[in-house]
There are 2 protein chains.
Amino acid sequence: MGDTRARILAAARAQFAHKGLEQTTWREIARAAEVDPALVLHYFESKETLFFEAIREIIIHQMETVFSNTRGTQPIGDQLVSAILDLWDSPDRREALVALVRAGVSNDRVAGLIRGLFESDIPSRVGARLVADRIEQRVALVATQIIGLVLARYVVGLPSIATASRETLVSLVGPTITRYLTAAATARGFS
Amino acid sequence: MGDTRARILAAARAQFAHKGLEQTTWREIARAAEVDPALVLHYFESKETLFFEAIREIIIHQMETVFSNTRGTQPIGDQLVSAILDLWDSPDRREALVALVRAGVSNDRVAGLIRGLFESDIPSRVGARLVADRIEQRVALVATQIIGLVLARYVVGLPSIATASRETLVSLVGPTITRYLTAAATARGFS
């Protein structure tokens, strides 16, 4: 059973990467995974859910890479903004990520998956590499800035953000992320 | 013609405030404005567009109030976060604002209206009260953080953000906004 699920996920990841969310069908994923299409539906409910599960490990892995980078010549916030822009600037992924954000904003089930990513998966996987206090709050704050940034750059298309260079965005937004992740906590907020 | 449009907007604003976006119908707005329902559709295309136009002045007015506040005991970013939370914490408005955000993320026409708000209306109305350089970029950066904050608090419901007190959020996010609005510009970003 775990194997079937994993096989469907691997097939979905390959199909999404190759053809994007819109062009990929249940049938193709099922065929690539060598299972019945009904089984794909049984495990994953909707294409957005399946896509989310398929890229969840990619996202977490990318976050782990950022947070385990001990060379540390760049501030952590700059590294994180770079990594997020890398993730989104790949054209294959972008269409699917936009679809995911749209689904997350309008579909409660997908919103729940996104909540889990930011409130549980990421804090538990990267938390040990950061200051130990208020890790959920810090990751959630980072999420607010990153979600707003990718919405403005890739979904809504605010010109100043959509046309800015990567270097500019890293330099403008990186310090925000660094502060959220590293500033000393006080009774009410951060110093 | 300008009068008819203004009358429809006033009627829509009253209906939305009273009943929310979902419960308000074209017919009721038309009746309150004393025009034919087809005329409402002619001027405004969709309920989201009409709603956007109806609250646009409220949003701009609120931003002007923040930016013209010369008492200045609180940093500008703290004042702005407070004002945004005020705008959203009114239950009547919240449902409609959530509908607006959802429409903005999935509907290109509404996304265009939101782009205009952040790239033109707000900079031109509040720009004179701020440092003069890169005002569009500054407002767009503020927009990324504010959009992410309201999405996390009111739409997706990230627990750490949704349950935080107003004071906590002001103290955590206010300094980000202050930096985006007031930090000295350098070649690539802000100091």
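In chain B, the loop between helices α7 (108-126) and α8 (135-155) holds B:Arg134, a residue that has a positive phi of about 50° although it is not a glycine. The structure is a predicted model, and this briefing moves from the overall form of chain A to some of its helices, then to particular residues in both chains. Chain A has ten helices and zero strands, and 55% of its 191 residues count as buried.

**Overall form of chain A**

- Read along the sequence, chain A runs through the pattern α-α-α-α-α-α-α-α-α-α, in keeping with its ten helices and zero strands.
- The C-alpha trace of chain A spans about 55 × 35 × 35 Å along its principal axes.
- A compact globule with 191 residues would have a radius of gyration near 16 Å, and the 18 Å of chain A agrees with that expectation.
- Of the contacts in chain A between residues at least 6 apart in sequence, 66% join residues at least 24 apart.
- The area that chain A exposes is about 8,300 Å², and carbon and sulfur atoms supply 52% of it.

**The nonpolar core**

- In soluble globular proteins, nonpolar side chains tend to be buried together.
- Here the largest nonpolar core has 142 residues, and the members that touch the most other members are A:Leu50, A:Trp88, B:Leu50 and B:Trp88.
- When neighbours within four places in sequence are left aside, A:Leu50 is in contact with A:Ile8, A:Leu9, A:Ala12, A:Phe16, A:Trp26, A:Ile29, A:Val40 and A:Phe44.

**Helix α5 of chain A**

- Helix α5 of chain A covers residues 76-89, and at 1.5 Å a residue its 14 residues should span 20 Å, which agrees with the 20 Å between its end C-alpha atoms.
- Because twelve of its 14 residues are buried, α5(A) is largely enclosed by the rest of the structure.
- The buried residues of α5(A) include A:Gly77, A:Asp78, A:Gln79 and A:Ser82, together with A:Leu80, A:Val81, A:Leu87 and A:Trp88.

**Helix α7 of chain A**

- Helix α7 of chain A covers residues 108-126, and its 19 residues should span 27 Å at 1.5 Å a residue; the end C-alpha atoms are 26 Å apart, which agrees.
- A kink of about 40° is nevertheless present in α7(A), and it is centred on A:Leu117, a residue that is itself buried.
- The buried residues of this helix also include A:Val110, A:Ala111, A:Ile114, A:Phe118, A:Ile122, A:Pro123 and A:Val126, along with A:Glu119 and A:Asp121.
- A:Leu113 is found in helix α7 of chain A, and its relative accessible area of 12% is under the 20% limit, so A:Leu113 counts as buried.
- Beyond its neighbours within four places in sequence, A:Leu113 is in contact with A:Thr49, A:Phe52 and A:Glu53, while its C-alpha atom is separated by 13 Å from that of A:Lys47, 66 residues apart along the chain.
- A:Arg115 also has its place in helix α7 of chain A, but it counts as partly exposed, at 28% relative accessibility.
- Not counting residues up to four places away in sequence, A:Arg115 touches A:Asp108 and A:Ser120 in chain A, and B:Val156, B:Gly157, B:Leu158 and B:Pro159 in chain B.
- The C-alpha atoms of A:Arg115 and A:Asp89, 26 residues apart along the chain, are separated by 23 Å.

**Residues with positive phi**

- B:Arg134, the loop residue of the opening sentence, is partly exposed, with a relative accessible area of 29%.
- A:Glu45 lies in the loop between α3 (37-44) and α4 (47-68) of chain A, and its phi is near 65°, a positive value in a residue other than glycine.
- At 51% relative accessibility, which is over the 50% limit, A:Glu45 counts as exposed.
- B:Glu34 takes a positive phi of about 60° just after α2(B), a helix of residues 26-33 whose buried residues are B:Glu28, B:Ile29, B:Ala30 and B:Ala33.

**A buried threonine in chain B**

- B:Thr176 is found in helix α10 of chain B, which covers residues 166-182, and it is buried, with a relative accessible area of 3%.
- Leaving aside neighbours within four places in sequence, B:Thr176 is in contact with A:Gln145, A:Thr176, A:Arg179 and A:Tyr180 of chain A, and with B:Gln145 of chain B.

Terms used: Residues numbered from 1 in each chain as written. Chains lettered and ligands numbered in written order. Predicted model: local features only at pLDDT ≥ 70, side-chain atom pairs only at ≥ 80, totals over all residues. Heavy atoms only, no water. Helix = DSSP H or I, 4+ residues; strand = E, 2+ residues; numbered from the N terminus. Expected span 1.5 Å × (residues − 1). Bend = angle between axes of the 7 residues up to and from the residue. Buried < 20%, exposed > 50% of the residue type's maximum accessible area, 1.4 Å probe, protein only. Core = buried A, V, L, I, M, F, W, Y, C linked by side-chain atoms within 4.5 Å. Contact = heavy atoms within 4.5 Å. Rg over C-alpha atoms; globule rule 2.2 N^0.38 Å. Areas by Shrake-Rupley, 256 points an atom, 1.4 Å probe, with all protein chains shown as cover.
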